[in-house]
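Student: Could you take me through the aromatic side chains in this one? I'd like a close look at how the rings sit against each other, plus anything odd in the backbone.

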Amino acid sequence: GFAFALSPVLGQKASIDSLKHSILKLETDSVNDFSDSNMMGYVQNYPDSGIYYARVLIAYGKKHNERRIIASGLNIFSYALYNKGNYPVALNMAFQSLRIIENSKYVRVIAGTYNLVGNIYKGEQNYPKALYYYMRCKQLAQASHFQFILNAACFNMAFVYKETNVLDSALYYSKLSVYYSTRLHGYYMGYILGTLGDEYFKLKNYKKALEYYQTAYTLDKK
């Protein structure tokens, strides 16, 4: 998902002001904000509403000459289209965002956009390009100490390596993601452990695979 903090009140008819405030504070916020996951979940479930909010943010950003707002609005638009399965237009939106933001100081927004581009390429099963953007995301996330998106980059890289049968790298990034997820109160842990189960299954270590699947199932049920 994209990595800019957005208010979880979106699902409760959020004001554009609350979204704008969250976007603007991201680069200076010393605490990693998890509310991004609320926005991702909302857009995933209600992509048409996500597109509405994206349009409003883009218009606001253009009116006030706020590149972060425009880029973040484009990212929301892109993510909504990604969830509707419209990968070509989603990719176009994400690259529009990069053109606006890529040479700026807003490295966390850039990192999140790289992750979004990686996700779209992953959806298209273009794994070399997905991996390229996940790696760029990881570098920026580390540089800006943005652990939330750093974790996302790691488990996305693990998934790509698993799908392409580079299993030593898949295990490395999955275990690194477990470490980051533990520090982030277990965010995405069920998904990460399920991926580890897949990796050990491919390695024919069925006992270990089953252990990871069972733990992932227990976590996801919660």
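Tutor: Helices here are DSSP runs of H or I with at least four residues, strands are runs of E with at least two, and both are numbered from the N terminus. Bear in mind that this is a predicted model, where local features need pLDDT of at least 70, side-chain atom pairs count only at pLDDT 80 or more, and totals for chains, interfaces and linings use all residues. Residues are numbered from 1 along each chain as its sequence is written, and side-chain values use heavy atoms, with hydrogens and water left out.

On to the rings. A pair of aromatic rings is described by the distance of the centres and the angle of the planes. Rings of Phe, Tyr and Trp (its six-membered ring) pair if their centres lie within 6.5 Å; planes under 30 degrees apart are stacked, over 60 edge-to-face, and the rest tilted. That rule gives 17 aromatic pairs. Take Tyr52 and Tyr53: their ring centres are 5.2 Å apart and the planes sit at 70 degrees, so this pair is edge-to-face. For accessibility, buried is under 20% relative accessible area, exposed is over 50%, and partly exposed is in between (1.4 Å probe, protein chains only). Tyr52 is exposed at 52%, whereas Tyr53 is buried at 10%.

Now look at Tyr200 and Tyr212, which form a stacked pair, 5.6 Å centre to centre with 5 degrees between the planes. Tyr200 belongs to helix α10 (residues 189-202) and Tyr212 to helix α11 (residues 206-221), so the pair ties together parts 12 residues apart in sequence. Tyr200 is buried, with a relative accessible area of 7%.

Back to Tyr52 for a moment: helix α3 (residues 47-63) is where Tyr52 sits. Its C-alpha is 9.8 Å from that of Gly73, with the two positions 21 residues apart in sequence numbering.

There's also a cluster to find: Phe95, Tyr114, Tyr121, Tyr132 and Tyr133 make up one aromatic cluster. And a charge sits over a ring if NZ of Lys or CZ of Arg is within 6 Å of the ring centre and within 35 degrees of the ring normal; Lys122 lies over the face of Phe159, at 4.9 Å from the ring centre.

As for the backbone, most residues other than glycine have a negative phi. Asn165 goes the other way, with a positive phi near 60 degrees, and is found in the loop between α8 (147-163) and α9 (167-183). Tyr188 also has a positive phi, about 65 degrees, without being a glycine. Tyr188 is in the loop between α9 and α10, and is partly exposed at 28% relative accessible area.
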